[in-house]
Structure formats: structure tokens, C-alpha cells
Amino acid sequence: MDKKEFRSSVLKEVSLIEDRAVDELWRQVEKLPQFVSARTVLTFWSMPDEVPTEEFILKWSGSKRIVLPLVVGENLVLKEFSGKECLVSGYKGILEPSVDALTVAPDEIDFAIVPGVAFDVNCNRMGRGKGFYDRTLPLLKCFTTGVGYDCQLFERIPVDSWDVPLNAVITPSRQIGADL
């Protein structure tokens with residue numbers, strides 16, 4: 001199965017998930033020493049077929065500097081989150097910070113939470129195929145963790161030479177990776 005077919009299969013399974021309770025996943029993230037000590041956290045505003053991030057972002061934006069990506073051309077520009085009311089509809093209708101939001105340098109990020117269509121036990125991730133995170137992850141010098149549903153975690157996923165592995169992957173029932 002190629003990457004495109006694999007993505008389609010996983011996203012179909014995610015769309016069937018009715019119980020979207022992800023409290024346990026976020027509790028696991030919040031307990032990670034790397035998250036606890038982080039002052040600046042890169043995360044993402046979720047799409048409907050991703051683990052919901054809105055409550056997590058709003059919860060932590062009062063005590064940590066939250067950074068969200070803004071799609072500009074073929075790249076992600078990291079922007080400081082300053083409230084839901086400051087988000088605008090961007091790439092594929094995803095809520096993103098406006099271009100006027102404060103830009104954050106990749107080396108300012110202490111902890112990164114990364115989306116993915118699928119992950120494997122070697123902390124590889126498969127995104128949606130545009131390479132936005134594959135171009136951004138090498139710029140980060142922090143602990144990176146992917147978050148997803150249990151059905152998005154596999155023994156092995158297709159990987160290309162440009163795919164960048166994460167430090168950890170967390171689902172509601174599993175934690176995999178370095179330093180966990």
C-alpha cells in the first residue's frame with residue numbers, strides 16, 4: 001500500500017471514531033517532564049479528523065507561551081497564539097494566527113506537539129503529504145511528540161528519506177519514544 005492509500009485508509013478509520021474522549025491523552029502529555037518544564041509550546045489547531053486541541057490550547061495559554069503554525073506558501077511560520085478571537089481561517093479552512101501575530105523563531109520552542117495521519121512504534125509520522133512539518137521539524141531543537149488516536153499507531157508505516165522521526169508518540173492508551 002502506498003502512502004496515499006495508507007493515509008486514506010487511516011483517515012477513514014478516524015472518521016468512524018465516535019468516542020472522542022481524549023482526556024487521557026492530554027493528561028499523558030501534561031505529565032511529560034519535557035512539557036512541564038517547557039515555557040514555549042508549539043502545537044496546532046486541530047482539523048475535524050484530528051485529536052481535538054482547542055481545550056488543551058485554551059487551558060495552557062494562560063501559563064505557557066503557545067505557538068501555532070501559519071501556512072505561508074510551502075512552509076510553516078510559527079506565530080504566537082494570543083486568543084481564539086485572533087485566529088483566522090487559513091490553509092484548508094484551518095484556524096491559524098493572522099500574519100500580523102508575533103513570529104516566533106524555531107529555537108524559541110521548548111516542546112512541540114505535532115499532528116499526523118499515522119505514527120509507528122519507531123516514532124515515525126505520516127502527515128497529509130505536503131511536507132510542511134518535514135521542513136519545520138529539522139529547525140526545532142526541542143522535544144517533539146506526535147498525538148493521535150490508538151487507531152493511528154502502527155507497528156510500521158511507509159517512510160521516505162525526508163520524513164523526520166519524533167521523540168515520542170502519545171495516544172489515549174500508549175506512550176512510545178525516547179525519555180518516557
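**Exercise 1. Find how strand β9 is paired with strand β11, and which residue stands opposite Gly146.**

Solution. Start with the two segments, which are β9 at residues 143-147 and β11 at residues 168-170; they pair in the parallel sense over 3 bridges. Strands here are DSSP runs of E with at least two residues, and helices are runs of H or I with at least four, numbered from the N terminus; two strands pair if DSSP finds at least two bridges between them. Next, locate the residue asked for: Gly146 has Val169 of β11 opposite it.

The model is a predicted one, in which local features need pLDDT of at least 70 and side-chain atom pairs count only at pLDDT 80 or more, while totals for chains, interfaces and linings use all residues. Residues are numbered from 1 along each chain as its sequence is written, and side-chain values use heavy atoms, with hydrogens and water left out.

**Exercise 2. Follow the neighbours of β9 through β6 to β1, and state which faces of β6 are covered.**

Solution. Step one: β6 and β9 run parallel and are joined by 4 bridges, and within this pairing Val114 has Gly146 of β9 as its bridge partner. Step two: β6 also pairs with β1 in the parallel sense, over 2 bridges, where Leu42 stands opposite Ala112 of β6. Step three: consider the side chains, remembering that in a regular strand they alternate between the two faces of the sheet. In β6, Phe111 and Ile113 on one side and Ala112 and Val114 on the other are all buried, and both faces are thus covered; buried means under 20% relative accessible area, exposed over 50%, and partly exposed in between, with a 1.4 Å probe and protein chains only.

**Exercise 3. Describe the part of the sheet that holds β1, β2 and β3, then give the strand order of the whole sheet.**

Solution. Begin with β1 (residues 40-42), which runs parallel to β2 and is joined to β2 by 3 bridges; the bridge partner of Thr40 in β2 is Arg65. The connection passes over helix α4 (residues 54-60), and β1, α4 and β2 make a right-handed β-α-β unit, a crossover being right-handed if, with the strands pointing away from the viewer, the path from the first strand over the helix to the second runs clockwise.

Continue with β2 (residues 65-72), a mostly covered strand in which 6 of the 8 residues are buried. β2 pairs with β3 (residues 75-80) in the antiparallel sense over 6 bridges, and Leu70 has Val77 of β3 as its bridge partner. The hairpin of these two strands has 2 residues between them, and Gly73 takes a positive phi near 65° there.

Finally, place these strands in the full arrangement: 7 strands form an open sheet of mixed pairing in the order β3-β2-β1-β6-β9-β11-β12. Its edge strands are β3 and β12 (175-177), each of which pairs on one side only.

**Exercise 4. Characterise the aromatic pairs of Phe35 with Phe111 and of Tyr91 with Phe132, and explain which parts of the chain each pair ties together.**

Solution. The structure holds 8 aromatic pairs, where rings of Phe, Tyr and Trp (its six-membered ring) pair if their centres lie within 6.5 Å, with planes under 30 degrees apart counted as stacked, over 60 as edge-to-face and the rest as tilted. The centres of Phe35 and Phe111 are 5.5 Å apart and their planes stand at 75°, so this pair is edge-to-face. Because Phe35 lies in helix α3 (residues 33-37) and Phe111 in strand β6 (residues 111-114), the pair ties together parts that are 76 residues apart in sequence. Phe35 is buried at 1% relative accessible area, and Phe111 is buried at 0%.

Tyr91 and Phe132 are likewise an edge-to-face pair, at 5.2 Å centre to centre and 80° between the planes. Tyr91 lies in the loop between β4 (87-89) and β5 (95-97) and Phe132 in helix α5 (residues 132-136), so the parts tied together are 41 residues apart in sequence. Tyr91 is partly exposed at 27% relative accessibility, whereas Phe132 is buried at 11%.
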